[in-house]
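Colleague: Could you take me slowly through one strand of this model, and then through what surrounds that strand?

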Amino acid sequence: MNHPAPLPRPLSVAELDLAAPGGPVLSFRPAPGGPEVKAGDVYALVRLRGRPAATVVGTVADGEDPAEALAALARERLARTAPLSDAERFAERFAESREEGGADAPPRTSVVVATRERPEQLARALDSLLAQDHPDFELIVVDNAPRTGDTRDLVVRKYADRVRYVREDVPGLAAAHNTGLAAADGTVVAFTDDDVIADPHWLTALTEPFAADPGLGCVTGLILPARLATPAQVLLESHGGFAKGFAPRLYDPARPPADEPLFPFTAGSFGSGANMAFRADALRRAGGFDPATGTGTAAKGGDDLYAFVAVLSAGFRLRYTARALVWHHHRDTWQDLRNQAYGYGAGLTAYLTATLVRRPRLLPALLARLPRGLAHARTMTARRGEAPDGGVPGEHGTHHHPWPRSLSRLERRGMFYGPLGYAKARLRKAGSR
């Protein structure tokens, strides 16, 4: 007889800063805006002198110092971290040399936040964005297909001349992002969501690489959970969340990575739309975002994935850096998780359809990778087993909780629907002209 798996327990979320991998604690605090860490399960970002380095999960006993308990786990975790590849070591040495004083100033940047009827979340995100240490940036809010004037009222009343308000009546995240791109005056355009809190160094870390590499078209960064208070949030993070790890990575279309045989069609490995920046000219040259993709359209998603592949296909490089950190507020209900599972599947095949419709020259490359791609999709949507400890999420994507069959079925249904959803979105867009 099959018994349902126990629901994941909630966790506190915290930040722990160490002086060195085996060194003393420099600071310990809850995640931005979160409650004080108490006894129980704790998920912690480990920093090394401020630099994000790893995550650990541990249980803090009553009366135990949470900082010291998690520091012991962090030292053990860092001691067994796999050594960096030659390319990763070069990227780390390059970043460290720039931190020591050789860095060029990050370029003028426009930060675009698309939103729809979530003024309280938006205010929290804007407060963190206005606290950035970047020396030269503007902040643009794109109000997407608003039903009320709440977003405009918030921007005008609370943020006055510090935030620019733009309205886009065509629904869909990609349409809103294209409107933000058109309004932007920065050399670089960064995009994030209204449900994040940005680390104060986020924008500088995300945009500095553009100053050093004129062939760089896109940079993505680290996304960590701001809360793990419900089973849906814990389950999402246990199965990967939005994070892409802590090792730096450079994706170069002239030198396809040997460990990614589906490159560039595994766009989900490049980053996520809540934490991405583009060289404005490169994104415009690539045609911007496909307005028939993204949340708010029949395609359900895929706008960020499409843009990553479009920029790579135009010959630009893409870099991932964990130094550019935002904290994401995952949706908290089971229905939210069901919607996300379906949307992820739909967005994946919708973006692939959009890529082939708008870049048919890529069809031979996609067909050559199709058998491996189907195997990858089956693996990605399989019901994943439970880890022996059955407890809490460890590293991102370690699948410490079983992924329910119902969610696997929803992902697959979404994949079948994606091309149809994209076609519907294109027809609606054509009919609105």
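Modeller: Two strands are said to pair if DSSP finds at least two bridges between them, and with that in mind we can turn to strand E5 of this predicted model, which covers residues 109–115. E5 is mostly covered, since seven of its seven residues are buried, and buried here stands for under 20% relative accessible area. In a regular strand the side chains alternate between the two faces of the sheet. In E5 both faces are covered, with Thr109, Val111, Val113 and Thr115 buried on one side and Ser110, Val112 and Ala114 buried on the other.

E5 has strand partners that we can take in turn, beginning with E8 (residues 188–193), which runs parallel to E5 and is joined to it by six bridges. E5 also pairs in the parallel sense with E6 (residues 137–144), over seven bridges. Ser110 is a useful residue to follow, for its bridge partner in E8 is Val189, while in E6 it stands opposite Glu138. To get from E5 to E6 the chain passes through helix H3 (residues 119–130), and this β-α-β crossover is right-handed.

H3 in turn packs against helix H4 (residues 150–159) at an angle of about 35°, the two axes lying 10 Å apart, and the crossing of H3 with H4 is right-handed. On the H3 side the contact is made by Pro119, Leu122, Ala123, Leu126, Asp127 and Leu130, and on the H4 side by Asp150, Thr151, Leu154, Lys158 and Tyr159. Sorted by class, this contact of H3 with H4 has seven nonpolar, one polar and three charged residues.

Conventions:
Residues numbered from 1 in each chain as written. Predicted model: local features only at pLDDT ≥ 70, side-chain atom pairs only at ≥ 80, totals over all residues. Heavy atoms only, no water. Buried < 20%, exposed > 50% of the residue type's maximum accessible area, 1.4 Å probe, protein only. Helix = DSSP H or I, 4+ residues; strand = E, 2+ residues; numbered from the N terminus. Right-handed = clockwise from strand over helix to strand, strands pointing away. Axes fitted to C-alpha atoms, helices over the stretch in contact; angles between N-to-C directions. Left-handed = near helix turned anticlockwise from the far one by under 90°. Contact = heavy atoms within 4.5 Å. Nonpolar A, V, L, I, M, F, W, Y, C, P; charged D, E, K, R; others polar.
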